[in-house]
Amino acid sequence: MFLQKTKRDKMVAQVFKVDLNKPLVFQVGHLGEDYQEWVHQPIVSKEGPRFFASDFWEFLTRTQWWVIPLVWLPVVGYSVNISKQMGHTLPELVLMVMGGIFIWSLLEYTLHRFLFHINTTSYWGNTLHYLLHGCHHKHPMDGLRLVFPPAATAILLVPFWNLVKLFSTPSTTPALFGGGLLGYVMYDCTHYYLHHGQPTKEVPKNLKRYHLNHHFRVQTKGFGITSSLWDKVFGTLPPSKVGEKSR
């Protein structure tokens with residue numbers, strides 16, 4: 001019975017076609033093993049697809065980029081101020097904030113490489129992956145789904161706070177946390193800019209080229225967004241020229 005069901009599920013996945021004119025989230029799971037190929041064939045359009053039939057859930061998936069600094073920069077300032085009130089000097093606060101940004105940069109790379117690009121084949125695995133990151137690769141120019149919704153970020157900040165607490169003191173934890181949150185704000189705003197901005201300076205131009213290379217040429221390399229530092233450290237730099245082999 002189990003083998004028959006497995007074969008039937010595979011047959012359904014093989015013939016299933018996603019209807020782009022209908023809400024996508026509960027469709028993509030049916031693709032099964034074909035999901036990875038489908039999701040990495042981008043549709044370059046600024047008009048994003050509908051995710052849910054429900055207007056409420058659909059609203060929660062759409063976020064303007066400026067909402068991110070508006071919501072989280074006050075939290076950054078509040079967190080750093082707690083460490084200041086606990087006796088830390090300005091130079092110490094600056095170092096802690098920089099340390100938090102450094103921690104975020106590693107977390108940014110790790111999440112993007114090992115979670116956002118996890119291979120899935122099951123119905124719920126595909127569905128959750130599409131919500132988390134797959135939708136961005138399928139519709140990379142969807143401007144309302146380039147940044148993380150604040151409600152989801154608030155949930156993820158709880159484990160991040162606990163992570164920082166593991167290796168810091170009670171007085172340094174708030175500033176380190178604030179620095180990490182600042183790193184996240186910089187990441188999300190940078191990510192939006194790399195897709196929709198038109199940089200004229202060499203550094204942002206190179207960063208834009210680097211990130212779009214990840215989307216449209218070598219999607220298994222180049223996991224850094226705000227920097228290529230950790231790609232260099234962990235050997236995931238993409239080839240610099242078309243036809244060049246990845247290391």
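How far apart do the end C-alpha atoms of residues 98-236 lie, and how much of the span is helix or strand? The model is predicted, so local features need pLDDT of at least 70 and side-chain atom pairs count only at pLDDT 80 or more, while totals for chains, interfaces and linings use all residues. Residues are numbered from 1 along each chain as its sequence is written, and side-chain values use heavy atoms, with hydrogens and water left out.

The two ends of residues 98-236 sit 24 Å apart, C-alpha to C-alpha, and the span is 69% helix and 0% strand (DSSP runs, with helices being H or I of at least four residues and strands E of at least two). An unreviewed UniProt entry annotates this stretch as "domain: Fatty acid hydroxylase"; such annotations may be inferred rather than shown by experiment.

On to the charged pairs. Searching the whole structure turns up five salt bridges (a side-chain nitrogen of Lys or Arg within 4 Å of a carboxyl oxygen of Asp or Glu). One of them links arginine 145 to aspartate 142, with the closest N and O atoms 2.9 Å apart. Both arginine 145 and aspartate 142 are buried (under 20% relative accessible area, against over 50% for exposed and in between for partly exposed, using a 1.4 Å probe and protein chains only). Through shared partners, salt bridges tie Glu58, Arg62, Asp142 and Arg145 into one network.

Aspartate 55 pairs with arginine 50, the closest N and O atoms being 2.6 Å apart. Here aspartate 55 is exposed at 59% relative accessibility, whereas arginine 50 is partly exposed at 33%. Aspartate 19 and lysine 22 make another salt bridge, at 4.0 Å between the closest N and O atoms. Aspartate 19 is partly exposed at 27%, and lysine 22 is partly exposed at 49%.
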